[in-house]
Amino acid sequence: EFLFQNKSITEVLLPNVIEVQNGFMAHNTSIQEISFPKLKYISSNFLRFGKNVRAVYLPEADSVGIDFLREGVNVETLVMPKVQSFANGALADNKKLMELDFPMLRSVGSEFLAFNEGLKKIYVPNVSYIGQSFLQRNRGLTEISLPKLSFIDYGFLQSNISLLRTKTYPS
């Protein structure tokens, strides 16, 4: 892992990195913002236990592996307008995310958004495939838009008691 337990860096800007393999940062207490302007592919474990990271900017990322931002992460702003696929657990257990907008996203793996208690709105107009337990225990969720959804694995809306408005059809 590139930045493991570093306590002095607060911002990371890596302008020419196009691929990250097997972990970028774990157990880092000081970093608040991460920006990779040219990053296209992330294999797994990009950010784990980065409790102070508030913003992640990946404007060119299109493919994301397992456990992208997971376990003890508090990201509030996530910018990934070109992402097309997320693997299993990619955004699970992130307490601060309130809204997601992924206009190019086509498919997501299992437990993609599990345990995101602060999540209110999800806009993913091009998603056609959803893995199991997609929205497990997102009790704050009030709106989701999935107009192109054609395949749902087991447990799509498991334990989502406050979902008020669901759009799963063309509006």
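Colleague: How much of the accessible surface of the protein chain belongs to carbon and sulfur atoms?

Modeller: This is a predicted model, and every value given here is computed from it. The accessible surface of the protein chain comes to about 8,000 Å². Of that surface, the share belonging to carbon and sulfur atoms is 50%.

Colleague: How many helices and how many strands does the protein chain have, and what part of its residues counts as buried?

Modeller: The secondary structure of the protein chain comes to zero helices and 19 strands. A residue counts as buried when its relative accessible area is under 20%, and of the 171 residues of the protein chain the part that counts as buried is 47%.

Colleague: In which order do the seven strands of the open sheet follow one another, and which are its edge strands?

Modeller: Strands of a sheet pair through backbone hydrogen bonds, either parallel or antiparallel. In this open sheet the pairing is parallel, and the order is β3-β6-β9-β12-β14-β16-β18. Two of these strands pair on one side only, and these edge strands are β3 (19–20) and β18 (151–152).

Colleague: Which residue of β16 stands opposite S107?

Modeller: Strand β14, with residues 107–108, pairs with strand β16, with residues 129–130, in the parallel sense over two bridges. The residue in β16 that stands opposite S107 is Y129.

Colleague: Why does the salt bridge between K40 and E60 tie together parts that are apart in sequence, and how far apart are they?

Modeller: Side chains of opposite charge can pair when their charged atoms come close. In the pair of K40 and E60, the closest N and O atoms are 3.7 Å apart, and this distance lies within the 4 Å that a salt bridge requires. K40 lies in the loop between β5 (33–35) and β6 (41–44), whereas E60 lies in the loop between β8 (55–57) and β9 (63–66), so the parts tied together are apart in sequence by 20 residues.

Colleague: Which residues are joined into one network by salt bridges that share partners?

Modeller: E60 also meets K82 in a salt bridge, at 3.0 Å from N to O. E60 lies in the loop between β8 and β9 and K82 in the loop between β11 and β12 (85–86), so this pair ties together parts that are 22 residues apart in sequence. Through shared partners, the residues joined into one network are K40, E60 and K82.

Colleague: Are the rings of F86 and F102 stacked or tilted?

Modeller: A pair of aromatic rings is described by the distance of the centres and the angle of the planes. F86 is buried at a relative accessible area of 3%, and F102 is buried at 1%. The centres of their rings are 5.3 Å apart and their planes stand at 55°, so the pair is tilted.

Colleague: Are the rings of Y129 and F151 stacked or tilted?

Modeller: Y129 lies in strand β16 and F151 in strand β18, 22 residues apart. Y129 is partly exposed, with a relative accessible area of 34%, and F151 is partly exposed as well, with 39%. The ring centres are 4.9 Å apart and the planes stand at 0°, so the pair is stacked.

Colleague: Which residues do ring pairs link into a cluster?

Modeller: The count of aromatic pairs in this model comes to five. F86 lies in strand β12, while F102 lies in the loop between β13 (99–101) and β14. The cluster linked by ring pairs consists of F36, F46, F68, F86 and F102.

Note on methods:
Residues numbered from 1 in each chain as written. Predicted model: local features only at pLDDT ≥ 70, side-chain atom pairs only at ≥ 80, totals over all residues. Heavy atoms only, no water. Helix = DSSP H or I, 4+ residues; strand = E, 2+ residues; numbered from the N terminus. Buried < 20%, exposed > 50% of the residue type's maximum accessible area, 1.4 Å probe, protein only. Areas by Shrake-Rupley, 256 points an atom, 1.4 Å probe, with all protein chains shown as cover. Salt bridge = Lys/Arg side-chain N within 4 Å of Asp/Glu carboxyl O. Pairing = 2+ DSSP bridges. Phe/Tyr/Trp six-rings, centres within 6.5 Å; stacked < 30°, edge-to-face > 60°.
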